[in-house]
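Subject: Handing over the structure

Hi there,

Here is the structure I promised to pass on to you. Have a look through it first, and then read on for my notes.

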Amino acid sequence: MTTLRAFLKEYTKLPDDRRIVVSSRFLDEGKPAVWRIRALREREFQQAAVGENKDAALCVAAVVEPNLQDKNLWSSYEAERAEEALLKMLTPGEYLRLLETVKDLNGFAQRKKEQKDTAKN
């Protein structure tokens with residue numbers, strides 16, 4: 001029998017951050033810049049997933065580096081919000097690479113597979 005302790009916040013942890021190269025267009029000292037992505041808790045996801053583009057909001061909430069909340073970044077892309085800056089920064093393929101990584105890290109890929117398996121049965 002599982003004890004309550006297994007579910008207490010101090011005894012659980014989210015998946016480790018993931019580092020990826022979203023695009024070779026962004027260079028840091030001559031090398032492709034690495035983005036750091038983190039997992040979110042459901043509450044963070046719900047708070048982030050408001051507005052017209054929930055996927056972009058999810059990405060913004062999950063990206064640790066670069067700091068998409070930096071207003072200098074927004075200004076560089078003539079954007080008024082982090083989501084807008086992100087969408088202006090990336091090509092469609094780059095955005096898809098980022099989104100797939102964010103969704104995978106946050107369990108969406110597993111969730112989709114489970115739903116598919118349930119539908120088959």
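Let me start with a question: does Arg 25 count as buried, partly exposed or exposed, and at what relative accessibility? Arg 25 counts as partly exposed, because its relative accessibility is 46%. I will come back to its partner further down. Please keep in mind throughout that this is a predicted model.

**The overall picture**

The protein chain has 121 residues, and 30% of them count as buried. Its C-alpha trace spans about 55 × 35 × 30 Å along the principal axes. You will find 6 helices and 5 strands in the chain. Reading from the N terminus, the elements follow the order β-β-β-β-α-α-β-α-α-α-α.

One helix pair is worth rotating into view. Helix 2 covers residues 54-62 and helix 5 covers residues 92-105; their axes come within 10 Å and cross at roughly 70°. That angle makes helix 2 roughly perpendicular to helix 5. The crossing of helix 2 past helix 5 is left-handed.

**Before strand 1**

Now go to the start of the chain. Leu 4 sits in the segment that precedes strand 1, which is made of residues 18-20. With a relative accessibility of 62%, Leu 4 counts as exposed. Together with Phe 7, Leu 8 and Tyr 11, Leu 4 makes a nonpolar surface patch of about 460 Å².

A little further along, Lys 13 and Asp 16 form a salt bridge, and their closest N and O atoms are 2.7 Å apart. Both ends of this pair are in the open: Lys 13 counts as exposed at 63% relative accessibility, and Asp 16 is exposed too, with a relative accessible area of 56%.

**More salt bridges**

Side chains of opposite charge can pair when their charged atoms come close. In total, the structure holds 9 salt bridges, and two more of them deserve a look.

The first joins Asp 17 to Arg 36, with 2.6 Å between the closest N and O atoms. Asp 17 belongs to the segment before strand 1, whereas Arg 36 is in strand 4 (residues 35-37), so this pair ties together parts that are 19 residues apart in sequence. Asp 17 is partly exposed, as its relative accessible area is 32%.

The second is the one that involves Arg 25. Its side chain meets that of Glu 94 in a salt bridge, at 2.7 Å from N to O. Because Glu 94 is in helix 5 and Arg 25 is in the loop between strand 1 and strand 2, the pair ties together parts that are 69 residues apart in sequence. Glu 94 counts as buried, since its relative accessibility is 8%, while Arg 25, as we saw, is partly exposed. There is also a network to trace: salt bridges with shared partners join Asp 17, Arg 36 and Glu 65.

**Backbone details**

Glu 65 comes up again here. The peptide bond that leads from Glu 65 to Pro 66 is cis, and its omega is near 5°. Pro 66 itself is placed in the loop between strand 5 (63-65) and helix 3.

Which sign does phi take at Glu 29? Phi is positive there, at about 55°, although Glu 29 is not a glycine. This residue is in the loop that runs between strand 2 (27-28) and strand 3 (31-32). Glu 29 is exposed, given its relative accessible area of 77%.

Glu 78 is another residue other than glycine with a positive phi, in this case near 50°. You can find Glu 78 in the loop between helix 3 and helix 4, and it is exposed, with a relative accessible area of 67%.

That loop also holds Ala 79, between helix 3 (71-76) and helix 4 (82-89). Is Ala 79 buried or exposed? Ala 79 counts as buried, because its relative accessibility is 11% and buried means under 20%. The C-alpha atom of Ala 79 is separated by 30 Å from that of Asp 16, and the two residues are 63 apart along the chain.

I hope these notes help you find your way around.

Best wishes

Note on methods
Residues are numbered from 1 along each chain as its sequence is written. This is a predicted model: local features need pLDDT of at least 70, side-chain atom pairs count only at pLDDT 80 or more; totals for chains, interfaces and linings use all residues. Side-chain values use heavy atoms; hydrogens and water are left out. Patches are made of residues with over 30% relative accessible area and no salt bridge: like charges are joined within 9 Å, nonpolar side chains (Val, Leu, Ile, Met, Phe, Trp, Tyr) within 5 Å. Accessible areas come from the Shrake-Rupley method with a 1.4 Å probe; for residues, only the protein chains shown count as cover. A salt bridge is a side-chain nitrogen of Lys or Arg within 4 Å of a carboxyl oxygen of Asp or Glu. Helices (H or I, at least four residues) and strands (E, at least two) are DSSP runs, numbered from the N terminus. Buried means under 20% relative accessible area, exposed over 50%, partly exposed in between (1.4 Å probe, protein chains only). Axes are lines fitted to C-alpha atoms, for helices over the stretch in contact, and angles run from 0 to 180 degrees between N-to-C directions. Angles under 35 degrees count as roughly parallel, over 145 as roughly antiparallel, 65 to 115 as roughly perpendicular and the rest as oblique. A crossing is left-handed if the near helix is turned anticlockwise from the far one by less than a right angle, and right-handed if clockwise.
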